[in-house]
Amino acid sequence: NALKLALINHAYRKRGNQPPSDKDLTSCMQHSEPGTPSNLGIIAFNGAFHGRTFLTLSCTQTNPLHKVDIPVTDMIVRTPFPTNKWPLNENEEYNQKLEVEC
C-alpha cells in the first residue's frame, strides 16, 4: 500500500493538488495516459524483501517462493543497496565510489 500511496501522491501533486480529471479516469481503464503514467518507476534494492502485496512481490528479491508466478514490470529499477560508511567525512572516497556504482 505504501507504493500505491506514493504513486497516487506523486500524481496528485503533478496535477497541481487536484483530483483526477474525467480524462484521467477514462484513460486509466485502457492503461493509457494521462490516467496511467508511463514515465514513473520504482527503485528496488537487490537482495531486499519489499513485502507480500502484489507490486511489492514484483520488487522482492530474497526468496524464489515469494516471486514464482508473479509478473514483473519494466517500471521496477533494480540497484544495489548503498552501504555508505560513517562518519561521512572520514569515508568520503569510499562513499563517492559507491555512489557511482549504485
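**Exercise 1. Characterise F45 and its ring partner.**

F45 is partly exposed, at a relative accessible area of 26%; buried means under 20%, exposed over 50% and partly exposed in between (1.4 Å probe, protein chains only). The model is predicted: local features need pLDDT of at least 70, side-chain atom pairs count only at pLDDT 80 or more, and totals for chains, interfaces and linings use all residues. Residues are numbered from 1 along each chain as its sequence is written, and side-chain values use heavy atoms, with hydrogens and water left out.

Step 1. Count the aromatic pairs: the structure holds one. Rings of Phe, Tyr and Trp (its six-membered ring) pair if their centres lie within 6.5 Å; planes under 30 degrees apart count as stacked, over 60 as edge-to-face and the rest as tilted.

Step 2. Classify the pair. F45 and F81 are edge-to-face, with 4.7 Å centre to centre and 80° between the planes.

Step 3. Place the partners. F45 belongs to strand β1 and F81 to the loop between β2 and α5, so the pair ties together parts that are 36 residues apart in sequence. Helices (H or I, at least four residues) and strands (E, at least two) are DSSP runs, numbered from the N terminus.

**Exercise 2. Find the cis peptide bonds and locate their prolines.**

Step 1. The bond from E33 to P34 is cis, with omega near 10°. P34 sits in the loop between α2 (22-28) and β1 (42-45).

Step 2. The bond from W86 to P87 is also cis, with omega near -5°. P87 sits in the loop between β2 (76-79) and α5 (92-101).

**Exercise 3. Describe α1 and the positive phi values.**

Step 1. α1 has 13 residues and spans 18 Å from its first C-alpha to its last, close to the 18 Å expected at 1.5 Å a residue. The expected span is 1.5 Å times one less than the number of residues.

Step 2. Just after α1, G16 has a positive phi of about 75°.

Step 3. N17, a residue other than glycine, has a positive phi near 65°. N17 is in the loop between α1 (2-14) and α2, and is partly exposed at 45%.

Step 4. H31, in the loop between α2 and β1, has a positive phi near 55° and is likewise not glycine. At 67% relative accessibility, H31 is exposed.

**Exercise 4. Which residues do L55 and N95 touch, not counting residues up to four places away in sequence?**

Step 1. Contact means heavy atoms within 4.5 Å.

Step 2. L55, in helix α3 (residues 54-59), is partly exposed at 24%. L55 touches L3, I42, T73 and I76. L55 and K4 are 51 residues apart in sequence, with their C-alpha atoms 8.6 Å apart in space.

Step 3. N95, in helix α5, is buried at 6% relative accessibility. N95 touches N84, K85 and L88.

Step 4. The charged end of K85 sits over the ring of Y94, 4.3 Å from its centre. The criterion is NZ of Lys or CZ of Arg within 6 Å of the ring centre and within 35 degrees of the ring normal.

**Exercise 5. Where in the chain is confidence lowest, and where highest?**

Step 1. pLDDT is the predictor's confidence in each residue, from 0 to 100. The chain averages 85, and 98% of the residues score at least 70.

Step 2. Confidence is lowest in helix α4 (residues 64-67), at a mean of 72, and highest in α2, at 92.

Step 3. Where pLDDT is low, the predicted coordinates should not be read in detail.
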